[in-house]
Amino acid sequence: MEQRTKFIIIGLAGLALAFVVLYMGAVNSKQSLARERDDLKKENAGLSGQLSKFQDNIRGYENKIASLDKQLEDISRDRDDLQRKYELANKVKEELIKKLQSQEEKPAPASVSQELPAGTDAYWAGILKQKTDLEIQLGNMRSELKSTQINNEQLQRDKGALELDINNLRHETEDLKRQLEYNKKLMDSLAQELVRDRNDKMQIQESFKEIRGENTTLMRQLKSLNNRKVNLDRKLQDFSEERLALQRRINELETMFKEKLIQANNLNNQLDAIRSGVKPEMPPKESVVLPPIVIKPSSDASGQDFSAGLEGKIMALNRENNFVIIDLGENQEVKVGDSFQVFHGENRVANITVIQTRQGISACDIKKETEPIEVGDTVR
């Protein structure tokens, strides 16, 4: 009986130890999952920061490209103006050349020869005066032609400088466009990493739910084992009481046997005394009563129940993974689990729930959508 009780106790102890080991393993797995979740949150925070920086850089590059396009348009207008001036100067040059040729080929005015008789001093004075006037006009035309040539050369130099500036601006614009494309590709890769992190988080949450379900199952099994242990303790108590009762019965039988033996000895003594003629004395009787021993198990159970007016805009929309980016974050005390409503004008179009937060932005999961969400919609 005692060996069987020892085996039962050893088996219960082994079961309790096995369930304690399983419970500790579940707790360690839960802690490791919590650490992995914290690491993923930190990585998401870093990626979101990099994403915001790249968005700022892209906006800066777009502003630079817009300013360079404006400068390019201004330079193109200046080039067109210089081209028109150059063509106008060429026309003026040609007109001056034609005028000069016409003046050189123009014969002496007939008025002097007609009005004055040939060979007189007045006649020759008029001719010299007309020749002097023509030379003065020719000098003026030559100076104007020279100034026109100088202006033309200056316009050519300005045109070359403008073409160099235009080429430099084109190269800078191409560099900025390449940088913008690189930043867009990098932002797309960051968005893909964010989606992968979100999927990993969902998988971790599902694993956590499974582990929590297994933990609940183990707790139920542990509770059932505790109940079995209580039942076994009660059976052990019953066995102990039966053993005590058997021990008392054995003691009573031994006592009775001793009493019978004493009685037999007394009878022999009495017979011997009767034979010898002496009156025998009756010995006193003794009895022993042992009180029962009762062991009551105790159990304990305890339980515990755990139970703003912001306005922003939609910054980005990802239809493939069903989430949006809003311009509200930790700076506005937005927390994971907060819910917002999306308005297109005055019409409510969707409900969203925060799944990740950063300093100035938050990622929200689209829960209910009556109309398509657009970038720039109001969030309240």
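In which strand is F323 found? F323 belongs to strand 2, which covers residues 323–326. The model that holds this strand is predicted. F323 is buried, with a relative accessible area of 6%. Leaving aside residues up to four places away in sequence, F323 has seven partners in contact, listed here by position: L194, V195, L317, N318, C364, D365 and I366. The C-alpha atom of F323 lies 9.5 Å from that of V354. Along the chain, F323 and V354 are 31 residues apart.

The overall layout comes next. The protein contains 3 helices and 6 strands. Read from the N terminus, the order of the elements is α-α-α-β-β-β-β-β-β. Helix 1 spans residues 2–105. Helix 3 spans residues 121–276. The protein has 380 residues, and buried residues make up 22% of them. The exposed area is about 28,100 Å². Carbon and sulfur atoms supply 53% of that area.

Salt bridges were examined next. The structure holds 7 of them. One joins R59 and D56, with N and O at 2.2 Å. Both residues lie in helix 1. They stand 3 residues apart, about one turn of the helix. Neither end of this pair counts as buried: R59 is partly exposed at a relative accessible area of 41%, and D56 is partly exposed at 44%.

Another salt bridge pairs R77 with D74, with an N to O distance of 2.0 Å. R77 and D74 are also placed in helix 1, and because they are 3 residues apart, about one helical turn separates them. R77 counts as partly exposed, at 46% relative accessibility. D74 is partly exposed as well, with a relative accessible area of 30%.

Helix 3 holds a further pair, K229 and D233. Their closest N and O atoms are 3.4 Å apart, and the two side chains form a salt bridge. The spacing here is 4 residues, about one turn of the helix. K229 is partly exposed, at 37% relative accessibility. D233 is partly exposed too, at 26%.

Salt bridges also link residues into a network. Its members are R198, D365 and K367. D365 is also among the residues that F323 touches.

Which side chain of opposite charge is nearest to D197? That side chain is R196, at 6.2 Å. D197 is buried yet has no salt bridge. A salt bridge requires the nitrogen and oxygen to be within 4 Å. D197 sits in helix 3. Its contacts, apart from residues up to four places away in sequence, are L40, N44 and L47.

The surface carries a patch of negative charge. E36, D38, D39 and E43 gather there. E36 is found in helix 1. What is the relative accessible area of E36? The value is 40%, which makes E36 partly exposed. Patch members must have over 30% relative accessible area and no salt bridge, so E36 meets the area condition.

A nonpolar patch also lies on the surface. V20, Y23, M24 and M219 make up this patch, which has an area of about 370 Å². Which helix gives the most to the nonpolar patch? Helix 1 does, with 3 residues. M24 is placed in helix 1. The relative accessible area of M24 is 44%, so M24 is partly exposed.

In brief, helix 1 holds the R59 and D56 pair, the R77 and D74 pair, E36 of the negative patch and M24 of the nonpolar patch. Helix 3 holds the K229 and D233 pair and the buried D197.

Terms used. Residues numbered from 1 in each chain as written. Predicted model: local features only at pLDDT ≥ 70, side-chain atom pairs only at ≥ 80, totals over all residues. Heavy atoms only, no water. Helix = DSSP H or I, 4+ residues; strand = E, 2+ residues; numbered from the N terminus. Buried < 20%, exposed > 50% of the residue type's maximum accessible area, 1.4 Å probe, protein only. Lys, Arg positive; Asp, Glu negative; His and termini not counted. Contact = heavy atoms within 4.5 Å. Patch = residues over 30% accessible without salt bridge, like charges linked within 9 Å, V, L, I, M, F, W, Y side chains within 5 Å. Areas by Shrake-Rupley, 256 points an atom, 1.4 Å probe, with all protein chains shown as cover. Charge placed at Lys NZ, Arg CZ, Asp CG, Glu CD.
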